[in-house]
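Colleague: I am new to this structure. Could you take me through how to read its features, one at a time?

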Amino acid sequence: MENLDIARSLTLLGDLLEIQGANPFRIRAYRNAVNTVNSSSRPLADMVEAGEDLTALPGIGKNVAAHIIELLDTGTIGRLEEVEAEIPRSLAELMALDGVGPKKAKKLFDELGVETVDDLDAELEAGRVQELEGFGVRSAEKIRIAIAEHRQHTGRFRIDEVEKLIAGLLEHVAAAPGAERVEVAGSLRRRRETIGDVDILVQCEGDGTPVVRHFTEFSGAQKASAAGPTKGSIVLHSGLQVDLRVVPPESFGAALVYFTGSKDHNVAIRTRAVRDRLKVNEWGVFRVPEGADAKDLGKDEGERLAGTTEEEVYGALGMAWVPPALRENRGEVEAAREGSLPGLVELADIRGDLQMHSTWSDGKTSIEEMARACAERGYAYMAITDHSQAMAMVQGLTPERARAQWEEIADVRERIPEIELFTSVEVDILKGGDLDMPDDVLEELDLVVVSVHSLMDLDRKAMTDRVVRAIAHPTVDILAHPTGRRINRREPFELDMETVLEAAAEHSVAVELNANPRRLDLNDVHVHRAKELGVPVVISTDAHSPAGLDDMRFGVDQARRGWLEPSDVLNTRSLVEFRKWLARRAS
Ligand code: DGT
Ligand code: CA
Ligand code: CA
Ligand code: ZN
């Protein structure tokens, strides 16, 4: 069981208790525990197995610890089952709707028997919701809109979608009268794989009203609202919300820290600051005078120590500047104080791309064109990894066609000597963990990449055994897109990643961080775990055309969120060093 599963159960329990009207402190305890579980890079299952005390973790009390142990032991929480016997779990989903809080969810269930969003829609249609006590016509209308929005988008946009959606808006904002500087903050600056809303900061000396007005008049907005001279919000036609704030120069660094977040990172640095009798907020860092209490001070009262730049703000707090990708309260606050932040990998460190397809399977471009495109990107090496024959609908390679492909690769090597071309195949992992290519072919390939593309709904044990068995095959080099997820489309396989990563370490197999922004598989937490276990990570694009090679930057961003340094990433190695790794089993 992964931390994600534990967090889900605790979230559900908290939500259902809230609907039941339980003690707010109890509910808060579940929310705090969920934060801790989500930000822990170590599996709690391991900690329990090692006999460690979960209550040593911040935000986890005795009661919650007992729930977690029970969940790990039995696969369920008795308390959750009790609550679910009284109210259906689908009620928790209703609370995701704007305008439906716990009280209203309860009322809808008690009075109208509403259990799901669809039920609620039907009751709205029938005109019964507006007649309930505490609802009314306006509230019913608000819920109707919330349902429409919920259906249009279940929340978050992929990062690559967001970049495209806001490109024009950013140009528009830069042209606002009085705008001196425009920066993106929030989850987009932290390079999260999905974005809830976009946060933009504009530096402006003096009155911000014209900047806010210019912003809200953007032609691509379906809705706009201004809130005074410093704040505005718009919703684009796609449903993506964008918040803008206008900030004076002396506070720009402090505002950038604050609105970049994450919220948990902000809370952690604020807590640290309090111990040093400092106050940090979106206006700056201030010293709390002797005898005064920070709570009694106004937003910008106290001796001002910093605010103009982020470096200065972190410096005043006794911290090194923290790269936005790390600002998730996963240990970076301590590391920044101790001077032990990682030197994160950068796009310029990447020396090769080790997963891509050609017209031999489902790629759109010839091997030669892909090779030229990789050479243009300055890479020293690359691998052509067409599919194996189990992928029949894309003409996956039979052993005969694989051998034929090697001849073409040999020709391309002669024509494009500036890059090393490795022969490879993205070999399907068959149901029981067998590989979809005979051993004699596998042994002759320069590089063997394996992955799951079929029977993705096996149970956790079967899927884990299957992948581990494939990893144990002596020719395998890289496990590609290990969880099979498609962001917002397909959930990850049921897979015990801890066991898979341990097997990868044991058999000296690398794991892929698939850089395609629809996948980004492994995720940041798993990437970090791979690093801890000493498993090399390969960042590959899985490109199906030259343009796909440019997805590399999304993979690098995700790697940075997982704390990876150049030495953790296999394809930062020089050709000579990478060849040594390929030959690791020869001795
Ligand atoms: P998102 O939009 O869900 O992808 O994630 P963020 O991180 O962009 O969150 P958002 O847009 O709600 O807020 C932007 C930043 O503002 C957030 O990362 C930290 C800061 N912030 C928002 N609310 C709070 C808060 O209640 N306390 C603190 N300390 N910071 C907050
Ligand atoms: Ca945001
Ligand atoms: Ca926001
Ligand atoms: Zn694949």
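Modeller: Start with a pair of strands. In strand S6, Val235 is the bridge partner of Lys223. Keep in mind that this is a predicted model.

Colleague: How many bridges join strand S5 to strand S6, and do they run parallel or antiparallel?

Modeller: Strand S5 (residues 221-227) and strand S6 (residues 231-236) run antiparallel and are joined by six bridges. The hairpin of S5 and S6 has three residues between the strands, and Gly228 takes a positive phi near 75° there.

Colleague: How should I think about the side chains along a strand?

Modeller: In a regular strand, side chains alternate between the two faces of the sheet.

Colleague: Which strands form an open sheet, and in what order?

Modeller: The order is S8-S9-S10, three strands with antiparallel pairing. Strand S8 (278-281) and strand S10 (303-306) are the edge strands, each pairing on one side only. From one strand to the next, the twist averages 30°. Strand S9 (residues 284-287) pairs with S10 over three bridges, in the antiparallel sense. Within S10, Ala306 is the bridge partner of Val285.

Colleague: Now the metals. Which residues coordinate the zinc ion (ligand 4)?

Modeller: Glu426 (OE), His453 (NE2) and His481 (NE2) coordinate the zinc ion (ligand 4), at 2.0 to 2.2 Å. Along the chain, these donors follow the spacing E-x26-H-x27-H. The two histidines link distant parts of the chain, 28 residues apart. His453 sits in the loop between strand S14 (447-451) and helix H20 (460-471), and His481 in the loop between strand S15 (478-479) and helix H21 (497-507).

Colleague: Is His481 buried or exposed?

Modeller: The cut-off for buried is under 20% relative accessible area. His481 has 2%, so His481 is buried. His453 is buried too, with 17%.

Colleague: Which residues coordinate the calcium ion (ligand 3)?

Modeller: The donors come from Asp197, which appears twice through OD atoms, and from Asp199 (OD) and Asp243 (OD), at 2.3 to 2.7 Å. Their spacing along the chain is D-x1-D-x43-D. Asp197 and Asp243 link distant parts of the chain, 46 residues apart. Asp197 lies in the loop between strand S3 (194-195) and strand S4 (198-203), while Asp243 belongs to strand S7 (residues 241-247).

Colleague: What does Asp197 bridge?

Modeller: Asp197 bridges the calcium ion (ligand 3) and the calcium ion (ligand 2), and these two ions lie 3.7 Å apart. With a relative accessibility of 24%, Asp197 counts as partly exposed. Asp243, at 11%, counts as buried.

Colleague: Last, the surroundings of ligand 1. Which residues come nearest?

Modeller: There are 16 residues around ligand 1, and Arg156, Ser187, Gly196, Asp197 and Arg270 come nearest. Asp197 is thus a name to follow in two places: around ligand 1 and at the calcium ions.

Colleague: What are the polar contacts of ligand 1?

Modeller: Among them, a polar side-chain atom of Ser187 lies 2.5 Å from an oxygen atom of ligand 1. A nitrogen atom of ligand 1 is 2.6 Å from an N or O atom in the side chain of Arg270. For Asp199, a side-chain N or O atom is 3.1 Å from an oxygen atom of ligand 1. On its own, ligand 1 has 590 Å² of accessible area, and the protein covers 73% of that. Helix H11 (186-190), helix H13 (252-260) and helix H14 (263-275) are the elements that give two or more residues to the shell around ligand 1.

Methods: Residues are numbered from 1 along each chain as its sequence is written. Chains are lettered from A and ligands numbered from 1 in the order in which they are written. This is a predicted model: local features need pLDDT of at least 70, side-chain atom pairs count only at pLDDT 80 or more; totals for chains, interfaces and linings use all residues. Side-chain values use heavy atoms; hydrogens and water are left out. Donors are N, O and S atoms within 2.8 Å of the metal (3.2 Å for Na, K and Ca); water is not among the atoms, so sites may look incomplete. Helices (H or I, at least four residues) and strands (E, at least two) are DSSP runs, numbered from the N terminus. Buried means under 20% relative accessible area, exposed over 50%, partly exposed in between (1.4 Å probe, protein chains only). Two strands pair if DSSP finds at least two bridges between them. Axes are lines fitted to C-alpha atoms, for helices over the stretch in contact, and angles run from 0 to 180 degrees between N-to-C directions. A residue is near a molecule or strand if one of its heavy atoms lies within 4 Å of it. A polar contact is a pair of N or O atoms within 3.5 Å; within protein, one must be able to donate a hydrogen and the other to accept it, and residues adjacent in sequence count only if both atoms are side-chain atoms. Accessible areas come from the Shrake-Rupley method with a 1.4 Å probe; for residues, only the protein chains shown count as cover.
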